[in-house]
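Let's take a walk through this protein together, starting with the overall picture and ending at the ligand. Keep the 3D view open as you read.

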Amino acid sequence: MSKLFNIKESVQQVVEAIASVLGVEVTVVDNELRRIAGTGRYAGDVSNMPIKATIFDQVLQSGKGVIIDNPGKNSVCLACEAQQYCSEMAQVCCPIVVEKQTVGVIALVAFTAKQKETLLGQQQSLFGFLDKMADLLASKVIEQEQLTQLEDTKIQLETVLNTVHEGIIAIDCNGCIVDFNAAGQKMIGIPADKIMGMNVGQVFVDLSAETLLRHAKERANREISCWIAGRQLHCIMTVNVWVDSGGIKGIVATLQEMAKVKKIVSRYGLEIDCSGNRILGNSAGMKTVKEAITMASRTNASVCIRGESGTGKELFARLLHCSSQRKQQPFIAINCAAIPDNLLESELFGYEEGAFTGARRGGKPGKFELANGGTLFLDEIGDMPMQLQAKILRVLQEKRIERVGATQSQPVDVRIISATHKDIEEMIKNGQFRQDLYYRINVFPVTIPPLRERKDDLPELIKDFLDRYQVMYAKEITGIDDDAYALLVDYDWPGNVRELENVMEYLVSTETGAAISRQNVSRRIQRGKTISLDIMPIAQAERQLIQTALAKFGTTLEGKAKAAEALGISKATLYRKLKEYAEPGLEG
Ligand SMILES: Nc1ncnc2c1ncn2[C@@H]1O[C@H](COP(=O)(O)OP(=O)(O)OP(=O)(O)O)[C@@H](O)[C@H]1O
């Protein structure tokens with residue numbers, strides 16, 4: 001389609017206006033010699049077939065205007081196929097040029113003696129006039145091209161916006177919805193033609209253009225929960241100011257459905273362990289644990305995993321979730337010992353906006369809410385403060401949670417897996433743990449034996465860690481010397497698999513010979529084992545070891561992480577122990 005063809009209606013209007021003012025006929029052809037518009041004898045002679053007049057061809061080729069005062073005799077006319085039946089008496093032609101390219105020709109034509117007189121009598125001034133008309137048509141072509149370009153960009157933008165999963169809604173400064181994408185319309189659930197022009201407060205109760213503008217300036221994410229068209233919309237709203245050359249036009253809100261956010265949150269933490277392949281060991285003790293986990297995964301019962309630090313309690317909790325019917329739903333883990341008591345409640349149950357000083361705008365969902373439909377792993381449940389134990393018990397009984405500062409509760413469906421290395425029965429006797437909660441969480445007890453009681457697992461674990469860290473550190477180590485291997489097997493592994501993994505990483509990364517040497521192993525293992533201490537209560541020795549480690553690595557976050565690694569305990573365990581000692585400078 002030629003450029004002039006795209007604006008043929010406008011071209012026809014222009015030629016008719018010229019003809020009625022000048023009293024001569026007017027025609028326009030495009031660069032493919034098709035007549036685009038015409039008046040008089042050429043009116044209605046618009047077709048897809050190229051016309052034969054060579055005069056137009058010449059103007060197109062040369063880009064220069066021509067005046068023909070004696071048609072039929074003029075040299076151009078001699079070569080023209082239309083010469084025999086040409087009834088024109090005079091013609092003035094002008095090229096139509098768009099960005100240095102001739103896109104067509106505009107011609108004034110005389111069919112009568114009077115028209116010829118008009119044309120030739122003032123040929124120079126008409127030539128100048130025609131030139132201006134050609135420019136007018138050229139600018140119409142450019143305008144049309146820009147319009148088409150704008151429309152294409154609009155379609156492209158709409159396609160992009162409709163492809164994103166987030167809902168996008170543009171709201172002007174008066175609070176009127178002026179644009180939205182397909183996902184936004186689906187979330188709102190109202191027909192598209194009805195949403196346009198609605199006030200934001202009619203859709204999201206309590207929201208106005210002013211509050212949204214404030215949120216946009218604060219760059220705050222806000223959790224929205226409201227009823228629209230008989231359906232509850234629960235989403236995270238991110239708001240941005242919408243500015244154009246004239247200043248602030250309104251705001252653009254992005255909506256993410258809460259259910260999808262939760263799914264992403266859970267997947268983020270799951271991927272590594274979900275296959276269960278990473279759980280190594282086939283000793284009798286491990287087989288019993290795996291069988292118990294398989295059985296528990298077929299039920300919805302609460303499971304309490306017992307075992308020393310580093311035995312793989314969290315690993316098994318994930319395996320249990322991944323083998324259960326809830327595997328497509330979130331798995332959320334929280335370490336009760338690593339979070340200060342005063343924050344634990346809001347971490348678990350979430351809070352409403354303004355619930356306390358420093359509470360985030362729009363509130364925040366707690367772990368129970370995030371785990372809705374899935375599994376909540378309460379690690380180190382033995383460290384749960386008594387008043388929270390009561391609240392958790394209530395959640396488990398009523399299957400509803402109440403955010404801190406909320407006036408209403410909401411339903412939750414969460415499977416609880418808990419873990420502890422503590423002697424909970426002893427804690428119950430001492431009044432430190434609620435018996436009724438213990439019954440609730442311990443429906444299905446599973447105990448993971450310490451590594452020293454299942455040394456049959458050592459070969460598999462050692463080989464796996466050796467292979468893994470060789471790849472990670474790009475080392476080629478042929479194996480482990482026999483006497484070095486004997487040392488590893490003899491060792492007690494108080495930090496269990498976590499400690500073994502750390503030791504193997506150290507050995508692979510520091511080994512300079514072809515195989516792991518006894519000297520290297522003894523350097524690492526002896527450090528933990530043979531620090532000379534007088535005989536003293538174990539708790540006191542433990543405290544001294546921790547003090548020594550902190551003295552060596554420092555009490556910064558990084559220092560504590562290194563100390564935990566050197567001691568073969570998790571950071572959470574170190575923080576818990578520091579909290580137990582509660583000594584200035586020592587506590588986490
Ligand atoms: N059977 C196993 N196979 C492979 N890796 C394991 C195994 N058991 C534990 N690990 C590894 O040891 C480390 C500690 O595991 P995990 O955190 O599950 O232990 P935990 O008992 O929950 O520890 P803590 O009580 O200190 O939190 C992790 O890196 C885990 O991958």
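Of the contacts in the protein with a separation of 6 or more, 63% are between residues 24 or more positions apart. Bear in mind as you explore that this is a predicted model. The protein has 588 residues, and 35% of them count as buried. Its secondary structure consists of 24 helices and 21 strands. Two sheets make good landmarks, so to speak, and we can visit them in turn.

Begin with the sheet whose strands run in the order β2-β1-β5-β4-β3. This is an open sheet of 5 strands, and its pairing is antiparallel. At its edges lie β2 (35-38) and β3 (66-68), each of which pairs on one side only. Going from one strand to the next, the twist averages 20°. Look inside the sheet at β1 (residues 25-30) and β5 (residues 101-110): these two strands run antiparallel and are joined by 6 bridges. To find the pairing on screen, pick out Val29, which stands opposite Val105 in β5. A helix also packs on this sheet: α2 (residues 54-62) touches β1, β3, β4 (90-98) and β5. The direction of α2 makes about 35° with that of β4.

Now move along the chain to another sheet. Which way do the strands pair in the sheet ordered β12-β15-β18-β11-β19? Here the pairing is parallel, in an open sheet of 5 strands. The edge strands, each pairing on one side only, are β12 (331-335) and β19 (444-447). Neighbouring strands are turned by 15° against each other on average, with direction ignored. Helix α11 (residues 284-297) packs on this sheet and touches β11 (303-306) and β19. The direction of α11 makes about 155° with that of β19.

Strand β15 (residues 375-379) deserves a closer look. On one side, β15 is joined to β12 by 5 bridges, and the two strands run parallel. In that pairing, Ile334 stands opposite Leu378 in β15. With β18 (residues 415-420), β15 also pairs in the parallel sense, over 4 bridges. Two residues let you trace this pairing: Phe377 has Ile417 as its bridge partner in β18, while Thr375 has Arg415.

Why is β15 largely enclosed by the rest of the structure? The reason is that 5 of its 5 residues are buried. Both faces of the strand are covered. Thr375, Phe377 and Asp379 are buried on one side, and Leu376 and Leu378 are buried on the other.

Finally, turn to the ligand. There are 21 residues around the ligand, and those that come nearest are Ser309, Gly312, Lys313, Val497 and Ser570. The elements that give two or more residues to this shell are the helices α12 (313-323), α20 (496-510) and α24 (571-581). What kinds of residue make up the shell around the ligand? They divide into 6 nonpolar, 9 polar and 6 charged residues.

Conventions:
Residues numbered from 1 in each chain as written. Predicted model: local features only at pLDDT ≥ 70, side-chain atom pairs only at ≥ 80, totals over all residues. Near = placed C-beta within 6 Å. Nonpolar A, V, L, I, M, F, W, Y, C, P; charged D, E, K, R; others polar. Pairing = 2+ DSSP bridges. Axes fitted to C-alpha atoms, helices over the stretch in contact; angles between N-to-C directions. Contact = placed C-beta atoms within 7 Å. Buried ≥ 20, exposed ≤ 12 C-beta atoms within 10 Å, placed from the backbone.
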